[in-house]
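Student: I should like to learn how to read a sheet and its surroundings from a coordinate model. May we work through one together?

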Amino acid sequence: MQVPAIHGERVLTDLDFARLSKLIDPQDETLLAEVLAAADVTGSRAVQADVVTMNSQMEVADITTGRTQVLTLCYPRDAAPAAGLISVLSPVGTALLGLKSGDRAVWHTPDGQVCEAAVTRICHQPEASGDFLS
């Protein structure tokens, strides 16, 4: 599998990296495994406030339609897509992980359609609010 091209680098906190590494089988070639292998890892206290970390809430704009929506990147057990809680294991969740405000995420739907959205702003990032353990 190849990580879709994005504008910008992927940055993960050390805590997110450790927790997400436990969700994947290192022998499987998943998109999340590739993202983890290629990401820059930094401390939770050092991550910039404009980075999509786990449990971040962000506004994204569909590149084709311009439609915006607010999504929260979460762990699979907390996912509720209708409420905007997007699992990091979903194609869109993996595509958003580690991006910065202004970056574009590209992913494929289960039927093979290519989607692209821009992260227009970070509404809430746990680390920026002083929460280094979520």
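Student: Which residue is the bridge partner of Cys-74 in β5?

Tutor: Strands of a sheet pair through backbone hydrogen bonds, either parallel or antiparallel. In this predicted model, Cys-74 has Ser-87 as its bridge partner in β5. That bridge belongs to the pairing of β4 with β5, which is parallel and rests on three bridges.

Student: In which sense do β3 and β4 pair, parallel or antiparallel?

Tutor: Strand β3, residues 57–62, pairs with strand β4, residues 68–74, in the antiparallel sense, and the pairing comprises five bridges. The register can be followed residue by residue. Met-58 has Leu-71 as its bridge partner in β4, Val-60 stands opposite Gln-69, and Ala-61 stands opposite Thr-68.

Student: What should one look for in the hairpin of β3 and β4?

Tutor: Consider the connection and its backbone angles. Five residues lie between the two strands of this hairpin, and Gly-66 takes a positive phi near 80° there.

Student: How many bridges join β3 to β7?

Tutor: Six bridges join β3 to β7, residues 114–124, and these strands run antiparallel. One point of register is Asp-62, whose bridge partner in β7 is Ala-117.

Student: In what order do the five strands form the sheet?

Tutor: The order is β5-β4-β3-β7-β6, in an open sheet with mixed pairing. At the edges are β5 (85–87) and β6 (104–108), each of which pairs on one side only. Between neighbouring strands of this sheet the average turn is 45°, with direction ignored.

Student: How may one reason about the side chains of a strand?

Tutor: In a regular strand the side chains alternate between the two faces of the sheet. A single residue can then be examined through its accessibility and its contacts. Leu-73 is a suitable case, being found in strand β4.

Student: Is Leu-73 buried or exposed?

Tutor: Leu-73 counts as buried because its relative accessibility is 2%, and buried means under 20%.

Student: Which residues does Leu-73 touch, not counting those up to four places away in sequence?

Tutor: Its contacts include Val-52, Thr-53, Met-54, Asn-55, Ser-56 and Met-58, and also Ile-86, Ser-87, Val-88, Gly-93 and Leu-97. Separation along the chain and distance in space should be read as two quantities. Leu-73 and Val-47, for example, are 26 residues apart in sequence and 16 Å apart in space, C-alpha to C-alpha.

Student: Where is Thr-53 placed, and is Thr-53 buried or exposed?

Tutor: Thr-53 is in the loop between β2 (40–42) and β3. Its relative accessibility is 1%, so Thr-53 counts as buried. Leaving aside neighbours within four places in sequence, Thr-53 is in contact with Thr-13, Asp-16, Val-47, Leu-73, Gln-125, Pro-126 and Glu-127. The side chain of Thr-53 also makes a polar contact of 2.9 Å with the side chain of Ser-56.

Student: What is the phi of Asn-55?

Tutor: Asn-55 has a positive phi of about 70°, although it is not a glycine. This residue too lies in the loop between β2 and β3. Asn-55 counts as partly exposed because its relative accessibility is 22%, and partly exposed covers the range between 20% and 50%.

Student: How many helices and strands are there in the protein?

Tutor: There are three helices and seven strands, and along the sequence they follow the pattern β-α-α-β-β-β-β-α-β-β. The radius of gyration is 14 Å, close to the 14 Å that the globule rule gives for 134 residues, so the protein is as compact as a globular protein of that length. The C-alpha trace spans about 35 × 35 × 30 Å along its principal axes.

Student: What do burial, contacts and surface add for the protein as a whole?

Tutor: Of the 134 residues, 41% count as buried. Among contacts with a separation of 6 or more, 59% are accounted for by residues 24 or more positions apart. The accessible surface comes to about 7000 Å², and 51% of this area belongs to carbon and sulfur atoms.

Technical notes:
Residues numbered from 1 in each chain as written. Heavy atoms only, no water. Pairing = 2+ DSSP bridges. Helix = DSSP H or I, 4+ residues; strand = E, 2+ residues; numbered from the N terminus. Axes fitted to C-alpha atoms, helices over the stretch in contact; angles between N-to-C directions. Rg over C-alpha atoms; globule rule 2.2 N^0.38 Å. Buried < 20%, exposed > 50% of the residue type's maximum accessible area, 1.4 Å probe, protein only. Contact = heavy atoms within 4.5 Å. Areas by Shrake-Rupley, 256 points an atom, 1.4 Å probe, with all protein chains shown as cover. Polar contact = N/O pair within 3.5 Å; in protein donor to acceptor, adjacent residues only side chain to side chain.
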